Amino acid sequence: MKRLLATSALLLLLAGCHRNDVTITNQGTKTWNLIEISAGGRDFTIKQLGGGTTETIRFRSQAEGGGEISGTLDGVHYKAEFGYFTPNLSTEEKITLADDGTIKILDRPRAGNESR
């Protein structure tokens, strides 16, 4: 009986631990600088992302709301909005950066989650 109770408690804890992954890929050859990401009530900074480089940020949402990414390329500041984050749903966001300043967003719920 104790084992069943412990297993049930562990499952309830794990059910509340939703993690988000935001993967940023520089598909160009130029370096993006001071990339700032806000998502799920959290803020992250990547100082530089060179051509062909990928960074993944893993976190648990602290608040509901949309995400935003901004960065500088050749002295010009670019910005885009992406996704929706909630402490109750895990997401996997894919963001690509290009040499012309284009920021493309591909977001989708993780396997096993309902569609947003």
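The side chain of asparagine 20 makes a polar contact with the side chain of serine 61, at 2.8 Å. A polar contact here is a pair of N or O atoms within 3.5 Å; within protein, one must be able to donate a hydrogen and the other to accept it, and residues adjacent in sequence count only if both atoms are side-chain atoms. Asparagine 20 belongs to strand S1, and the residue is buried, with a relative accessible area of 0%. Buried means under 20% relative accessible area, exposed means over 50%, and partly exposed lies in between (1.4 Å probe, protein chains only).

Before going on, a word about the model. This is a predicted model, in which local features need pLDDT of at least 70 and side-chain atom pairs count only at pLDDT 80 or more, while totals for chains, interfaces and linings use all residues. Residues are numbered from 1 along each chain as its sequence is written, and side-chain values use heavy atoms, with hydrogens and water left out.

## The overall picture

The protein has 1 helix and 8 strands, and along the sequence they follow the pattern α-β-β-β-β-β-β-β-β. Helices (H or I, at least four residues) and strands (E, at least two) are DSSP runs, numbered from the N terminus. Of the 116 residues in the protein, 34% are buried. The protein exposes about 7,200 Å², and carbon and sulfur atoms supply 51% of that area. Accessible areas come from the Shrake-Rupley method with a 1.4 Å probe; for residues, only the protein chains shown count as cover.

How do distant parts of the sequence meet? Among contacts between residues at least 6 apart in sequence, 54% join residues at least 24 apart. Contact means heavy atoms within 4.5 Å.

## The open sheet

Which strands form the open sheet, and in what order? The sheet has 4 strands in the order S3-S2-S5-S6, with antiparallel pairing. S3 and S6 are the edge strands, each pairing on one side only. From one strand to the next, the twist averages 15°; axes are lines fitted to C-alpha atoms, for helices over the stretch in contact, and angles run from 0 to 180 degrees between N-to-C directions. Two strands pair if DSSP finds at least two bridges between them. In general, strands of a sheet pair through backbone hydrogen bonds, either parallel or antiparallel.

Here are the three pairings in the sheet, with an example of facing residues from each.

| Strands | Bridges | Example of partners |
|---|---|---|
| S2 and S3 | 7 bridges | Serine 38 and aspartate 43 |
| S2 and S5 | 4 bridges | Isoleucine 37 and isoleucine 69 |
| S5 and S6 | 9 bridges | Glycine 67 and phenylalanine 82 |

Glycine 71 also has a bridge partner in S6, namely tyrosine 78.

Threonine 45 sits in strand S3. Its C-alpha lies 5.6 Å from that of isoleucine 35, although the two are 10 residues apart in sequence. Leaving aside neighbours within four places in sequence, threonine 45 is in contact with Leu34, Ile35 and Glu36.

## Turns and positive phi angles

Most residues other than glycine have a negative phi, and most peptide bonds are trans. With that in mind, look at three residues. In the hairpin of S2 and S3, with 2 residues between the strands, glycine 40 takes a positive phi near 60°. The hairpin of S5 and S6 also has 2 residues between its strands, and aspartate 74 in the turn has a positive phi of about 55°, although aspartate 74 is not a glycine. At 56% relative accessibility, aspartate 74 is exposed.

Leucine 34 is not a glycine either, yet has a positive phi of about 40°. This leucine is placed in strand S2 and, at 43% relative accessibility, counts as partly exposed.

## The nonpolar core

A nonpolar core is a set of buried Ala, Val, Leu, Ile, Met, Phe, Trp, Tyr and Cys residues joined through side-chain atoms within 4.5 Å. Which members of the largest core touch the most others? Among its 19 residues, they are Ile24, Ile35, Ile37, Ile69, Phe82, Ile95 and Leu97. Strands S1 (20-26), S2 (32-39), S3 (42-49), S4 (54-59), S5 (65-73), S6 (76-85) and S7 (91-97) each supply at least two residues. S2 gives the largest share, 4 residues.

Take isoleucine 69 as one example. Not counting residues up to four places away in sequence, isoleucine 69 touches Ile24, Ile35, Glu36, Ile37, Tyr78, Lys79, Ala80, Phe82, Ile95, Leu97 and Ile103. In soluble globular proteins, nonpolar side chains tend to be buried together.
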